[in-house]
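Please work through the following exercises with the sequence and the coordinates at hand. Each task is followed by a stepwise solution.

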Amino acid sequence: MLSAKIEVRVRYQETDQMGVVYHGNYFTWFESARIELLDQIKCPYRELESSGFYLPVLSCQATFLSPARFDDRLSVTVFLEEEPSLRIHLRYETHCSDRLLAHGSTTHAFVDERGRPMRPPQRFVDGVRLWFRS
């Protein structure tokens, strides 16, 4: 299994009138963790795009168990639990200290600039394989 973690400090603007983090922000944090994961396997998203590869979200889901609030320190972890083929399934967890606040998932596919599906680049395949084989 491959994972990456980011730390987030909840900003005031990320909360709603009730002082609770607006649910859409979790997907932004999921994306930040996903970018960190790509960096970790030496396949930065910026380089993927400059090579003509894109990773659109095909589906996304989140379950909210407990609210995050302004100035909370959160950790967001993304998990790649199986070697991807054409689709990439990722799982996420958001914690405040040892308390699980939310979990979710996203599914992605590699596409070209016209949105046509394509196989992942070799450097992505090699980077993922390295982690799953070690």
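**Exercise 1: Burial and contacts of T77**

T77 counts as buried because its relative accessibility is 10%, where buried means under 20% relative accessible area, exposed over 50% and partly exposed in between, with a 1.4 Å probe and protein chains only. The model is predicted: local features need pLDDT of at least 70, side-chain atom pairs count only at pLDDT 80 or more, and totals for chains, interfaces and linings use all residues. Residues are numbered from 1 along each chain as its sequence is written, and side-chain values use heavy atoms, with hydrogens and water left out.

Task: locate T77 in its strand and list the residues it touches.

Solution. Step 1: T77 lies in strand β3; strands (E, at least two residues) and helices (H or I, at least four) are DSSP runs numbered from the N terminus. Step 2: beyond four places in sequence, T77 touches S3, A4, K5, R91, Y92 and E93, contact being heavy atoms within 4.5 Å.

**Exercise 2: C96 and L74**

Task: determine whether C96 is buried or exposed, and which residues it contacts.

Solution. Step 1: C96 belongs to strand β4, residues 87–96. Step 2: C96 is classed as buried because its relative accessible area is 11%. Step 3: leaving aside neighbours within four places in sequence, C96 is in contact with D72, R73, L74 and L101. Step 4: L74, in turn, touches residues including I6, W29, C96 and L101, again not counting residues up to four places away. Step 5: by contrast, the C-alpha atoms of C96 and R129 are 31 Å apart in space, with their positions 33 residues apart in sequence.
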